[in-house]
Amino acid sequence: MLMYILFVLEDVLDSFLPIIAVIAPFVCAILIVLFFVQNKFKTEKEKCDVIKEAVKNNYKLPTEFYETSKKRKKSPLDSAVTMLILGLALLISSLINGVNGHFQIIMTTVALVFLLIGISRLIIHSAYKKEKEKNRLNDKVEDTSSDDE
């Protein structure tokens, strides 16, 4: 009887394994997002508590303390390098994996798409950088010519 129960339980677990394998990455992603949101709220609450205690005890806090943290503006170069690294990682993974057939073709195609996007963003970044440098030099030349007059 016990063997029969274990056999049935094993069949039930085997039938749930594919479902768990599909759901697990999404659950992990949700847990990671919840962790970051909870951490952000916790730090904001602690900051508010410090401000409340300072006001309560008539303590003057620096003005920088009241400012919200400003996020660093992402450079286009950052996204270009990220796309290039992602494309290279996918390409190497598809070549090392050794799986032949449609999956490897799809994986290589996706890797090449990321590589091409990264290369195009890198080209755009260099073009904007050259244009910005050219404009800056033109502005300097105009400033010096107006000073001479």
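**Exercise 1.** Is Glu-133 buried, partly exposed or exposed?

*Solution.* Start with the scale: buried means under 20% relative accessible area, exposed means over 50%, and partly exposed lies in between (1.4 Å probe, protein chains only). Glu-133 has a relative accessible area of 34%, so Glu-133 is partly exposed.

Two notes before you go on. This is a predicted model, where local features need pLDDT of at least 70 and side-chain atom pairs count only at pLDDT 80 or more, while totals for chains, interfaces and linings use all residues. Residues are numbered from 1 along each chain as its sequence is written, and side-chain values use heavy atoms, with hydrogens and water left out.

**Exercise 2.** State how many helices and strands the protein has, and give their order.

*Solution.* Step one: apply the rule. Helices (H or I, at least four residues) and strands (E, at least two) are DSSP runs, numbered from the N terminus. Step two: count. There are four helices and zero strands. Step three: read along the sequence. The pattern is α-α-α-α.

**Exercise 3.** Set the span of helix 1 against that of a straight helix, and locate its kink.

*Solution.* The expected span is 1.5 Å times one less than the number of residues. For 55 residues, a straight helix would span 81 Å. Helix 1 (residues 2-56) spans only 67 Å between its end C-alpha atoms. Now look for a bend, the angle between axes fitted to the seven residues ending at a residue and the seven starting there. A kink of about 35° lies at Ile-23, shortly before Pro-25. Just after helix 1, Asn-58 takes a positive phi of about 55°.

**Exercise 4.** Describe the span of helix 3 and the side on which its buried residues lie.

*Solution.* First, the span. Helix 3 (residues 76-97) has 22 residues and reaches 31 Å from first to last C-alpha, close to the expected 32 Å. Next, the buried residues. They are Ser-79, Ala-80, Met-83, Leu-84, Gly-87, Leu-90 and Ser-94. These cover an arc of only 135° around the axis, so they sit on the same side of helix 3. The arc is that of the directions from the helix axis to the C-beta atoms. Finally, the face turned away from the buried side carries the exposed residues Ile-85 and Ile-96.

**Exercise 5.** Find the salt bridges in the whole structure and describe each one.

*Solution.* The test is a side-chain nitrogen of Lys or Arg within 4 Å of a carboxyl oxygen of Asp or Glu. Two pairs pass. One joins Lys-45 and Asp-49 at 3.4 Å, N to O. These residues are four apart in helix 1, about one helical turn. Lys-45 is exposed at 53%, and Asp-49 is partly exposed at 32%. The other bridge joins Arg-136 and Glu-133 at 2.7 Å. Both lie in helix 4, three residues apart. Arg-136 is partly exposed at 42%. The spacing fits a general rule: an α-helix has 3.6 residues a turn, so residues three or four places apart point the same way.

**Exercise 6.** Describe the surroundings of His-125.

*Solution.* Place the residue: His-125 is in helix 4 (residues 102-148). Check its accessibility: at 19%, His-125 counts as buried. List its contacts (heavy atoms within 4.5 Å). Leaving out residues up to four places away in sequence, His-125 touches Ser-75, Pro-76 and Leu-77. For context, buried residues make up 10% of the 149 residues in the protein.
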